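Could you look over this model with me before we meet? My comments are below as numbered points.

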Amino acid sequence: MELKSKIREIQDWPISGVNFKDITTILEDHQVFAYTIDAIVERFANSPCDKIVGIDARGFLFASTVAYKMKKGLVIVRKKGKLPPTTIQKKYTLEYGTNVIEMKDDAIKQGEKVIIVDDLCASGGTILATCDLIEQMGGQIVGVCFLIDLPFLRGSKKLGERGYEVHSLVEYEAE
């Protein structure tokens with residue numbers, strides 16, 4: 001299935017010059033959504049894994065379903081102030097400014113193997129901050145998967161430079 005054709009692009013949103021990748025079109029079509037989840041699960045079927053990590057907010061939609069299908073626990077990474085205490089946090093830079101993400105401080109146990117699933121990789125700020133939190137807790141990242149990669153923004157390259165195995169289902173070149 002050609003997933004790129006199923007993703008709607010919205011020009012100049014949320015700010016001028018950005019070509020937003022709308023994944024709700026994938027979620028709304030049960031066959032396309034099932035194909036997407038199955039492709040992620042298949043990619044990691046033979047990977048050692050204890051937990052799936054999903055990133056706020058669109059990443060939750062994919063990570064939770066992958067965790068269910070793989071029969072693994074789900075850990076969520078949220079924007080600051082959205083999780084009950086106690087949490088660990090990391091400040092990071094993204095395309096439009098800075099932000100802080102948090103994870104419950106007992107979500108990952110020492111030595112647990114983790115796969116991170118998110119909807120999109122752009123400049124890599126959020127995902128790299130997530131990797132830092134996981135490793136701070138003693139987790140081992142065995143793979144990172146995105147529905148969409150924007151390699152021209154170098155996020156996936158930064159992940160690769162840190163030694164992470166990175167996969168995506170769709171790539172977009174510079175616009």
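The points go from the whole protein down to a few helices and strands.

1. A word on ground rules. This is a predicted model, in which local features need pLDDT of at least 70 and side-chain atom pairs count only at pLDDT 80 or more, while totals for chains, interfaces and linings use all residues. Residues are numbered from 1 along each chain as its sequence is written, and side-chain values use heavy atoms, with hydrogens and water left out.

2. Start with the parts list. The protein has five helices and nine strands, where helices (H or I, at least four residues) and strands (E, at least two) are DSSP runs numbered from the N terminus. Read from the N terminus, the order is β-β-α-α-β-α-β-β-β-β-α-β-α-β. The radius of gyration is 15 Å, close to the 16 Å that the globule rule gives for 175 residues, so the protein is as compact as a globular protein of that length. (That radius is taken over C-alpha atoms, and the rule is 2.2 Å times the number of residues to the power 0.38.)

3. Still on the whole protein: the C-alpha trace spans about 40 × 35 × 30 Å along its principal axes. Of the 175 residues, 45% count as buried, meaning under 20% relative accessible area with a 1.4 Å probe, protein chains only. Take the contacts (heavy atoms within 4.5 Å) between residues at least 6 apart in sequence: 59% of them join residues at least 24 apart.

4. Now have a look at strand 8, residues 140-149. Nine of its 10 residues are buried, so the strand is largely enclosed by the rest of the structure. On one hand it pairs with strand 7 (residues 113-121) in the parallel sense, over eight bridges; two strands pair if DSSP finds at least two bridges between them. One of the matches here is I116 with V144 of strand 8. To get from strand 7 to strand 8, the chain passes through helix 4 (residues 125-136), making a right-handed β-α-β crossover. Right-handed means that, with the strands pointing away from you, the path from the first strand over the helix to the second runs clockwise.

5. Strand 8 also runs parallel to strand 9 (residues 166-171), joined by five bridges. Bridge partners include D149 with E171 of strand 9, and V144 with V166. Here the chain crosses through helix 5 (residues 155-161), and this β-α-β crossover is right-handed.

6. What does H167 of strand 9 touch? Leaving aside neighbours within four places in sequence, H167 is in contact with R43, F44, V144, C145 and F146. The side chains of H167 and R43 make a polar contact of 2.7 Å. (A polar contact is a pair of N or O atoms within 3.5 Å; within protein, one must be able to donate a hydrogen and the other to accept it, and residues adjacent in sequence count only if both atoms are side-chain atoms.)

7. Helix 2 (residues 30-43) deserves a visit too. Its buried residues are V32, T36, I37, I40 and V41, and they pack against helix 1 (24-27), helix 3 (58-70), strand 7, strand 8 and strand 9. D29 caps the N-terminal end, with a side-chain oxygen 3.0 Å from the backbone nitrogen of Q31.

8. Finally, back to helix 4. Among its buried residues are I127, L128, L133 and I134. Helix 4 is followed by G138, whose phi is positive, near 95°.

How values were computed
Buried means under 20% relative accessible area, exposed over 50%, partly exposed in between (1.4 Å probe, protein chains only).
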